[in-house]
Amino acid sequence: MTTQEAALALFAELTDSAPAGIWSAPGRVNLIGEHTDYNDGFVLPFAIPHRTYAAVGIREDLRIRVASTFAEEPVEVALDELNALFPTASGAEPAVPEWAAYPLGVAWALQLAGATGTGVDIAIASDVPVGAGLSSSAAIEGAAAGALNDLWKAGLDRRALARIGRRAENEAVGAPTGIMDQMASMLGERDRALFLDCRTLETDLVTLGMADAGLEILVMDTQVKHAHATGGYGERRASCERGAALMGTTSLRDVSIDDLARAEEVMDDVTFRRVRHIVTENQRVLDTVRVLGESGARAIGDLLVASHESMRDDFEISTPELDLAVETALAASAIGARMTGGGFGGAAIALVEHSAVERVSSAVTAAFAASGFTAPHIFSVAPAAGAHRDA
Ligand code: GLA
(Lines give C-alpha, C1' and ligand atoms only; values in the text may rest on other atoms or scores of the structure.)
Protein backbone atom coordinates (compact mmCIF):
# COMPACT_ATOMS: atom_id res chain seq x y z
CA MET A 1 0.00 0.00 0.00
CA THR A 2 1.37 3.44 -0.87
CA THR A 3 1.36 6.16 1.76
CA GLN A 4 -1.40 7.96 -0.14
CA GLU A 5 -3.49 4.77 -0.07
CA ALA A 6 -2.81 4.44 3.65
CA ALA A 7 -4.22 7.92 4.24
CA LEU A 8 -7.30 7.01 2.17
CA ALA A 9 -7.79 3.73 4.04
CA LEU A 10 -7.54 5.49 7.38
CA PHE A 11 -10.06 8.09 6.21
CA ALA A 12 -12.48 5.34 5.16
CA GLU A 13 -12.09 3.65 8.54
CA LEU A 14 -12.77 6.94 10.29
CA THR A 15 -15.80 8.13 8.32
CA ASP A 16 -17.07 5.31 6.10
CA SER A 17 -16.96 7.73 3.19
CA ALA A 18 -14.64 9.22 0.58
CA PRO A 19 -12.68 12.42 1.34
CA ALA A 20 -13.12 15.75 -0.44
CA GLY A 21 -9.50 15.52 -1.50
CA ILE A 22 -5.95 14.44 -0.69
CA TRP A 23 -3.10 16.84 -0.09
CA SER A 24 0.55 16.10 0.53
CA ALA A 25 3.77 17.84 1.52
CA PRO A 26 7.36 16.54 1.63
CA GLY A 27 10.09 16.39 4.23
CA ARG A 28 13.38 18.11 3.44
CA VAL A 29 17.11 17.72 3.55
CA ASN A 30 19.16 20.81 4.20
CA LEU A 31 22.13 20.94 1.85
CA ILE A 32 23.77 23.72 3.86
CA GLY A 33 22.85 26.60 6.20
CA GLU A 34 22.15 25.23 9.67
CA HIS A 35 20.58 27.26 12.50
CA THR A 36 20.88 30.31 10.28
CA ASP A 37 17.13 30.54 9.63
CA TYR A 38 16.11 32.00 13.01
CA ASN A 39 19.07 34.36 12.73
CA ASP A 40 17.54 35.97 9.62
CA GLY A 41 20.24 34.28 7.53
CA PHE A 42 20.54 32.06 4.45
CA VAL A 43 19.66 28.39 3.92
CA LEU A 44 19.76 25.97 0.99
CA PRO A 45 17.38 23.03 1.62
CA PHE A 46 15.56 20.80 -0.84
CA ALA A 47 12.32 18.81 -0.62
CA ILE A 48 12.73 15.01 -0.57
CA PRO A 49 10.52 12.29 -2.09
CA HIS A 50 9.23 11.23 1.35
CA ARG A 51 5.83 12.84 1.95
CA THR A 52 2.96 13.19 4.37
CA TYR A 53 -0.55 12.69 2.93
CA ALA A 54 -3.72 14.13 4.40
CA ALA A 55 -7.08 12.78 3.22
CA VAL A 56 -9.59 15.41 4.28
CA GLY A 57 -13.38 15.52 4.27
CA ILE A 58 -15.94 18.13 5.24
CA ARG A 59 -18.17 17.55 8.27
CA GLU A 60 -21.64 18.86 8.85
CA ASP A 61 -20.75 20.29 12.25
CA LEU A 62 -18.03 22.68 13.40
CA ARG A 63 -15.64 20.11 14.83
CA ILE A 64 -12.19 19.03 13.69
CA ARG A 65 -11.06 15.43 14.01
CA VAL A 66 -7.55 14.26 13.22
CA ALA A 67 -6.36 10.67 12.90
CA SER A 68 -2.92 9.34 12.08
CA THR A 69 -1.58 5.92 11.19
CA PHE A 70 0.98 6.58 13.95
CA ALA A 71 -1.64 6.97 16.70
CA GLU A 72 -4.16 4.59 18.15
CA GLU A 73 -6.94 7.11 18.71
CA PRO A 74 -8.18 10.10 16.73
CA VAL A 75 -8.36 13.47 18.49
CA GLU A 76 -11.48 15.60 18.10
CA VAL A 77 -12.23 19.16 19.25
CA ALA A 78 -14.66 21.93 18.33
CA LEU A 79 -13.14 24.55 16.03
CA ASP A 80 -13.97 27.25 18.56
CA GLU A 81 -12.11 25.32 21.26
CA LEU A 82 -8.76 25.66 19.47
CA ASN A 83 -8.22 29.06 21.01
CA ALA A 84 -8.41 27.55 24.47
CA LEU A 85 -5.81 24.88 23.57
CA PHE A 86 -3.20 27.16 21.99
CA PRO A 87 -0.77 28.84 22.28
CA THR A 88 1.08 26.26 24.34
CA ALA A 89 3.01 27.96 27.13
CA SER A 90 6.75 27.97 26.52
CA GLY A 91 8.30 24.75 27.83
CA ALA A 92 4.89 23.12 28.42
CA GLU A 93 3.47 20.02 26.73
CA PRO A 94 0.65 20.73 24.27
CA ALA A 95 -2.83 20.05 25.70
CA VAL A 96 -3.40 17.40 23.00
CA PRO A 97 -0.98 14.60 21.98
CA GLU A 98 2.01 16.17 20.24
CA TRP A 99 1.30 14.59 16.84
CA ALA A 100 -2.20 16.14 16.89
CA ALA A 101 -0.87 19.57 17.86
CA TYR A 102 0.63 19.92 14.35
CA PRO A 103 -2.58 19.69 12.29
CA LEU A 104 -4.74 21.26 15.01
CA GLY A 105 -2.17 24.03 15.39
CA VAL A 106 -2.37 24.67 11.65
CA ALA A 107 -6.18 24.98 11.88
CA TRP A 108 -5.77 27.34 14.84
CA ALA A 109 -3.16 29.48 13.04
CA LEU A 110 -5.37 29.64 9.94
CA GLN A 111 -8.28 30.83 12.06
CA LEU A 112 -6.06 33.53 13.55
CA ALA A 113 -5.20 34.56 9.98
CA GLY A 114 -8.91 35.06 9.35
CA ALA A 115 -9.79 31.74 7.68
CA THR A 116 -13.01 30.06 8.68
CA GLY A 117 -14.97 27.11 7.44
CA THR A 118 -16.83 23.96 8.20
CA GLY A 119 -15.66 21.16 10.41
CA VAL A 120 -13.25 18.64 8.90
CA ASP A 121 -12.00 15.09 9.30
CA ILE A 122 -8.27 14.68 8.57
CA ALA A 123 -6.57 11.29 8.12
CA ILE A 124 -2.79 11.44 8.04
CA ALA A 125 -0.20 8.94 6.78
CA SER A 126 3.47 9.68 6.27
CA ASP A 127 6.66 8.03 5.08
CA VAL A 128 8.93 10.85 6.29
CA PRO A 129 11.14 9.30 8.99
CA VAL A 130 10.23 10.85 12.36
CA GLY A 131 12.92 12.38 14.56
CA ALA A 132 15.53 12.01 11.81
CA GLY A 133 16.05 15.72 11.12
CA LEU A 134 14.10 15.41 7.85
CA SER A 135 11.20 17.68 8.87
CA SER A 136 8.41 15.19 9.32
CA SER A 137 6.70 17.99 11.25
CA ALA A 138 6.83 20.51 8.39
CA ALA A 139 5.42 17.80 6.12
CA ILE A 140 2.37 17.33 8.38
CA GLU A 141 1.92 21.08 8.67
CA GLY A 142 2.21 21.53 4.91
CA ALA A 143 -0.31 18.81 4.08
CA ALA A 144 -2.82 20.12 6.63
CA ALA A 145 -2.29 23.75 5.64
CA GLY A 146 -2.75 23.00 1.94
CA ALA A 147 -5.96 21.08 2.61
CA LEU A 148 -7.57 23.63 4.94
CA ASN A 149 -6.50 26.54 2.75
CA ASP A 150 -8.37 24.96 -0.18
CA LEU A 151 -11.42 23.67 1.71
CA TRP A 152 -11.88 26.88 3.69
CA LYS A 153 -11.15 28.92 0.56
CA ALA A 154 -8.64 31.02 2.49
CA GLY A 155 -6.67 31.92 -0.66
CA LEU A 156 -3.29 32.09 1.08
CA ASP A 157 -0.17 31.67 -1.04
CA ARG A 158 2.63 29.20 -0.30
CA ARG A 159 4.75 31.63 1.69
CA ALA A 160 1.78 32.50 3.88
CA LEU A 161 1.07 28.78 4.38
CA ALA A 162 4.70 28.23 5.36
CA ARG A 163 4.27 30.95 8.01
CA ILE A 164 1.07 29.25 9.21
CA GLY A 165 3.00 25.98 9.60
CA ARG A 166 5.79 27.68 11.49
CA ARG A 167 3.30 29.36 13.80
CA ALA A 168 1.72 25.97 14.55
CA GLU A 169 5.14 24.53 15.31
CA ASN A 170 6.27 27.46 17.47
CA GLU A 171 3.05 28.22 19.32
CA ALA A 172 0.97 25.02 19.28
CA VAL A 173 3.74 22.41 19.56
CA GLY A 174 6.08 24.76 21.40
CA ALA A 175 9.24 24.17 19.31
CA PRO A 176 11.12 27.47 18.80
CA THR A 177 12.16 26.66 15.21
CA GLY A 178 12.74 28.90 12.20
CA ILE A 179 10.98 29.05 8.81
CA MET A 180 13.35 26.88 6.71
CA ASP A 181 11.54 23.55 6.90
CA GLN A 182 8.09 24.90 6.05
CA MET A 183 9.44 26.97 3.16
CA ALA A 184 11.34 23.97 1.73
CA SER A 185 8.27 21.76 2.05
CA MET A 186 5.99 24.33 0.45
CA LEU A 187 8.25 25.64 -2.33
CA GLY A 188 10.59 22.76 -3.20
CA GLU A 189 10.92 21.59 -6.81
CA ARG A 190 12.41 18.58 -8.59
CA ASP A 191 16.18 18.72 -9.00
CA ARG A 192 16.33 22.14 -7.39
CA ALA A 193 17.44 23.40 -4.02
CA LEU A 194 15.68 26.39 -2.52
CA PHE A 195 18.00 29.27 -1.73
CA LEU A 196 16.12 31.24 0.90
CA ASP A 197 16.86 34.56 2.53
CA CYS A 198 15.11 34.06 5.87
CA ARG A 199 14.97 37.81 6.51
CA THR A 200 13.00 38.75 3.38
CA LEU A 201 11.65 35.29 2.47
CA GLU A 202 12.98 35.91 -1.03
CA THR A 203 13.75 32.63 -2.76
CA ASP A 204 15.70 31.41 -5.73
CA LEU A 205 15.55 27.87 -7.10
CA VAL A 206 19.08 26.58 -7.66
CA THR A 207 19.61 23.74 -10.12
CA LEU A 208 21.63 20.92 -8.60
CA GLY A 209 22.04 18.72 -11.70
CA MET A 210 22.83 15.72 -9.52
CA ALA A 211 21.68 13.00 -11.94
CA ASP A 212 23.41 14.59 -14.95
CA ALA A 213 26.65 14.84 -12.99
CA GLY A 214 26.37 11.20 -11.85
CA LEU A 215 26.05 12.27 -8.22
CA GLU A 216 23.73 11.31 -5.40
CA ILE A 217 22.90 12.61 -1.96
CA LEU A 218 22.84 9.88 0.64
CA VAL A 219 20.93 10.34 3.86
CA MET A 220 22.55 8.51 6.76
CA ASP A 221 19.92 8.42 9.50
CA THR A 222 21.70 7.59 12.74
CA GLN A 223 18.40 6.48 14.34
CA VAL A 224 19.22 8.71 17.30
CA LYS A 225 15.93 10.57 17.76
CA HIS A 226 15.91 14.26 18.52
CA ALA A 227 13.24 16.76 19.51
CA HIS A 228 13.38 20.53 19.29
CA ALA A 229 10.62 21.45 21.71
CA THR A 230 13.05 20.92 24.57
CA GLY A 231 16.74 21.25 25.32
CA GLY A 232 19.68 22.15 23.16
CA TYR A 233 17.87 23.75 20.23
CA GLY A 234 16.32 26.46 22.40
CA GLU A 235 19.61 27.01 24.22
CA ARG A 236 21.44 27.58 20.93
CA ARG A 237 18.78 30.00 19.91
CA ALA A 238 19.17 31.91 23.17
CA SER A 239 22.98 32.04 22.70
CA CYS A 240 22.50 33.55 19.25
CA GLU A 241 20.17 36.21 20.65
CA ARG A 242 22.66 37.01 23.40
CA GLY A 243 25.49 37.23 20.88
CA ALA A 244 23.50 39.56 18.64
CA ALA A 245 22.63 41.80 21.60
CA LEU A 246 26.31 41.97 22.61
CA MET A 247 27.10 43.10 19.07
CA GLY A 248 24.46 45.80 19.38
CA THR A 249 22.06 44.28 16.86
CA THR A 250 18.87 42.23 16.89
CA SER A 251 20.05 39.54 14.53
CA LEU A 252 23.31 37.76 13.67
CA ARG A 253 22.51 38.32 10.01
CA ASP A 254 23.93 41.78 10.59
CA VAL A 255 27.26 40.47 11.87
CA SER A 256 29.90 39.88 9.19
CA ILE A 257 33.09 37.83 9.13
CA ASP A 258 35.04 41.08 9.55
CA ASP A 259 33.15 41.71 12.82
CA LEU A 260 34.30 38.43 14.38
CA ALA A 261 37.47 39.88 15.92
CA ARG A 262 35.35 42.41 17.82
CA ALA A 263 32.83 39.70 18.74
CA GLU A 264 35.59 37.66 20.33
CA GLU A 265 36.48 40.62 22.54
CA VAL A 266 32.99 41.43 23.77
CA MET A 267 31.62 37.95 24.61
CA ASP A 268 32.50 34.76 26.45
CA ASP A 269 34.09 31.91 24.52
CA VAL A 270 30.97 29.74 24.20
CA THR A 271 28.77 32.57 22.92
CA PHE A 272 31.54 33.62 20.54
CA ARG A 273 31.78 30.15 19.03
CA ARG A 274 28.00 30.02 18.57
CA VAL A 275 28.17 33.38 16.81
CA ARG A 276 31.13 32.31 14.67
CA HIS A 277 29.20 29.29 13.45
CA ILE A 278 26.25 31.39 12.32
CA VAL A 279 28.35 34.09 10.68
CA THR A 280 30.60 31.66 8.80
CA GLU A 281 27.67 29.37 7.91
CA ASN A 282 25.82 32.26 6.25
CA GLN A 283 28.91 32.86 4.14
CA ARG A 284 29.16 29.16 3.29
CA VAL A 285 25.58 29.17 1.98
CA LEU A 286 26.36 32.11 -0.29
CA ASP A 287 29.58 30.42 -1.41
CA THR A 288 27.75 27.14 -2.09
CA VAL A 289 25.18 28.87 -4.31
CA ARG A 290 27.97 30.62 -6.21
CA VAL A 291 30.08 27.47 -6.61
CA LEU A 292 27.06 25.42 -7.75
CA GLY A 293 26.44 27.98 -10.48
CA GLU A 294 30.07 28.26 -11.54
CA SER A 295 31.34 24.71 -11.22
CA GLY A 296 28.46 22.35 -10.32
CA ALA A 297 27.73 20.10 -7.39
CA ARG A 298 31.03 18.20 -7.49
CA ALA A 299 32.77 21.39 -6.32
CA ILE A 300 30.85 21.97 -3.06
CA GLY A 301 32.38 19.14 -1.02
CA ASP A 302 34.76 21.30 1.03
CA LEU A 303 31.97 23.69 1.96
CA LEU A 304 29.84 20.80 3.26
CA VAL A 305 32.75 19.51 5.33
CA ALA A 306 33.54 22.97 6.73
CA SER A 307 29.89 23.31 7.71
CA HIS A 308 30.00 20.02 9.59
CA GLU A 309 33.19 20.96 11.42
CA SER A 310 31.67 24.26 12.45
CA MET A 311 28.61 22.50 13.86
CA ARG A 312 30.76 19.93 15.60
CA ASP A 313 33.30 22.30 17.14
CA ASP A 314 31.66 25.74 17.39
CA PHE A 315 27.91 25.18 17.58
CA GLU A 316 28.32 21.80 19.32
CA ILE A 317 25.16 20.17 18.00
CA SER A 318 26.69 17.05 16.46
CA THR A 319 26.82 13.62 18.09
CA PRO A 320 29.39 10.79 17.99
CA GLU A 321 27.11 8.92 15.55
CA LEU A 322 26.82 11.91 13.19
CA ASP A 323 30.58 12.52 13.33
CA LEU A 324 31.29 8.87 12.60
CA ALA A 325 28.88 8.86 9.65
CA VAL A 326 30.53 11.97 8.18
CA GLU A 327 34.12 10.83 8.74
CA THR A 328 33.49 7.32 7.43
CA ALA A 329 31.65 8.57 4.35
CA LEU A 330 34.52 10.94 3.54
CA ALA A 331 37.13 8.24 4.06
CA ALA A 332 35.12 5.98 1.72
CA SER A 333 35.33 8.63 -1.05
CA ALA A 334 32.30 10.87 -0.45
CA ILE A 335 32.87 14.29 -2.04
CA GLY A 336 31.42 16.05 0.99
CA ALA A 337 29.35 15.21 4.06
CA ARG A 338 27.71 16.98 6.98
CA MET A 339 25.00 16.53 9.57
CA THR A 340 21.70 18.03 8.43
CA GLY A 341 18.84 19.61 10.39
CA GLY A 342 18.73 20.77 13.98
CA GLY A 343 21.30 18.33 15.36
CA PHE A 344 21.51 16.37 18.65
CA GLY A 345 20.69 13.24 16.64
CA GLY A 346 18.97 12.71 13.32
CA ALA A 347 20.74 12.36 10.00
CA ALA A 348 23.88 13.32 8.11
CA ILE A 349 24.11 13.64 4.34
CA ALA A 350 26.91 12.65 1.98
CA LEU A 351 27.48 13.82 -1.58
CA VAL A 352 28.75 10.77 -3.47
CA GLU A 353 29.49 9.56 -6.98
CA HIS A 354 26.71 7.27 -8.16
CA SER A 355 29.28 4.48 -8.48
CA ALA A 356 30.39 4.91 -4.83
CA VAL A 357 26.95 4.64 -3.19
CA GLU A 358 27.45 0.99 -2.25
CA ARG A 359 30.97 1.53 -0.96
CA VAL A 360 30.03 4.52 1.22
CA SER A 361 26.86 2.86 2.56
CA SER A 362 28.57 -0.35 3.56
CA ALA A 363 31.54 1.49 5.09
CA VAL A 364 29.21 3.57 7.29
CA THR A 365 27.13 0.54 8.25
CA ALA A 366 30.30 -1.39 9.19
CA ALA A 367 31.72 1.52 11.19
CA PHE A 368 28.48 1.82 13.18
CA ALA A 369 28.53 -1.90 13.95
CA ALA A 370 32.17 -1.71 15.02
CA SER A 371 31.36 1.16 17.40
CA GLY A 372 28.38 -0.63 18.88
CA PHE A 373 25.91 1.97 17.51
CA THR A 374 22.42 1.12 16.29
CA ALA A 375 22.49 0.27 12.58
CA PRO A 376 21.98 3.43 10.50
CA HIS A 377 19.25 3.74 7.88
CA ILE A 378 20.93 4.85 4.64
CA PHE A 379 19.07 5.88 1.49
CA SER A 380 19.53 8.23 -1.39
CA VAL A 381 17.28 11.25 -2.03
CA ALA A 382 16.71 13.31 -5.12
CA PRO A 383 15.22 16.82 -4.79
CA ALA A 384 11.45 16.43 -5.17
CA ALA A 385 8.28 18.48 -5.59
CA GLY A 386 6.87 20.63 -2.81
CA ALA A 387 3.37 20.61 -1.32
CA HIS A 388 0.39 20.07 -3.61
CA ARG A 389 -3.07 18.60 -3.94
CA ASP A 390 -2.93 14.99 -5.13
CA ALA A 391 -6.60 14.23 -5.73
C1 GLA B 1 15.26 22.49 12.60
C2 GLA B 1 14.34 23.70 12.58
C3 GLA B 1 14.73 24.68 11.47
C4 GLA B 1 16.21 25.00 11.50
C5 GLA B 1 17.04 23.73 11.61
C6 GLA B 1 18.49 24.00 11.80
O7 GLA B 1 15.05 21.75 11.43
O8 GLA B 1 13.01 23.30 12.40
O9 GLA B 1 13.94 25.83 11.59
O10 GLA B 1 16.50 25.90 12.53
O11 GLA B 1 16.60 22.90 12.68
O12 GLA B 1 19.03 24.59 10.66
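The legends below describe close-up views of a predicted model. Local features require pLDDT of at least 70 and side-chain atom pairs pLDDT 80 or more, whereas totals for chains, interfaces and linings use all residues. Residues are numbered from 1 along each chain as its sequence is written, and side-chain values use heavy atoms, with hydrogens and water left out.

**Figure 1. The largest pocket and its lining.** The largest pocket has a volume of about 670 Å³. A pocket is an open set of points on a 1 Å grid over the protein atoms alone, with protein on both sides within 12 Å along at least five of seven lines, and lining residues have an atom within 4 Å of a point. Grid points are joined across faces, edges and corners, and a volume is the space filled by probe spheres set on the points. The lining comprises 38 residues, of which Y102, G131, S136, S137 and H226 are the closest to the pocket centre. At least two lining residues come from each of α3 (98-112), β5 (120-126), α4 (136-151), α5 (158-173) and α6 (180-187); helices (H or I, at least four residues) and strands (E, at least two) are DSSP runs, numbered from the N terminus. Domain 1 (3-205) and domain 2 (207-240 + 277-381) each contribute at least three residues to this lining, the bounds coming from an automatic or database domain assignment. By class, the lining holds 16 nonpolar, 15 polar and seven charged residues. Ala, Val, Leu, Ile, Met, Phe, Trp, Tyr, Cys and Pro count as nonpolar, Asp, Glu, Lys and Arg as charged, and the others, Gly among them, as polar.

**Figure 2. The largest cavity and its lining.** A cavity is a set of grid points where a 1.4 Å probe fits but cannot get out. One cavity of 30 Å³ or more is found, and the largest cavity encloses about 40 Å³ of space. Its lining consists of A138, E141, G142, L161, A162, G165, Q182, S185 and M186. Helices α4, α5 and α6 each supply at least two of these residues. The lining includes four nonpolar, four polar and one charged residues.

**Figure 3. The aromatic pair of F86 and W108.** Four aromatic pairs are found in the whole structure; rings of Phe, Tyr and Trp (its six-membered ring) pair if their centres lie within 6.5 Å, and planes under 30 degrees apart count as stacked, over 60 as edge-to-face and the rest as tilted. The ring centres of F86 and W108 are 5.7 Å apart and the planes stand at 65°, so this pair is edge-to-face. Because F86 lies in the loop between α2 (82-85) and α3, and W108 in helix α3, the pair ties together parts that are 22 residues apart in sequence. F86 is buried at 2% relative accessibility, and W108 is buried at 2% relative accessibility. Buried means under 20% relative accessible area, exposed over 50% and partly exposed in between (1.4 Å probe, protein chains only).

**Figure 4. Strand β1 and its partners β2 and β12.** Twelve of the twelve residues of strand β1 (residues 21-32) are buried. Ten bridges pair β1 with strand β2 (residues 42-58) in the antiparallel sense; two strands pair if DSSP finds at least two bridges between them. I22 stands opposite A55 in β2. Strand β12 (residues 388-389) is joined to β1 by two bridges, also antiparallel, with H388 as the bridge partner of S24.
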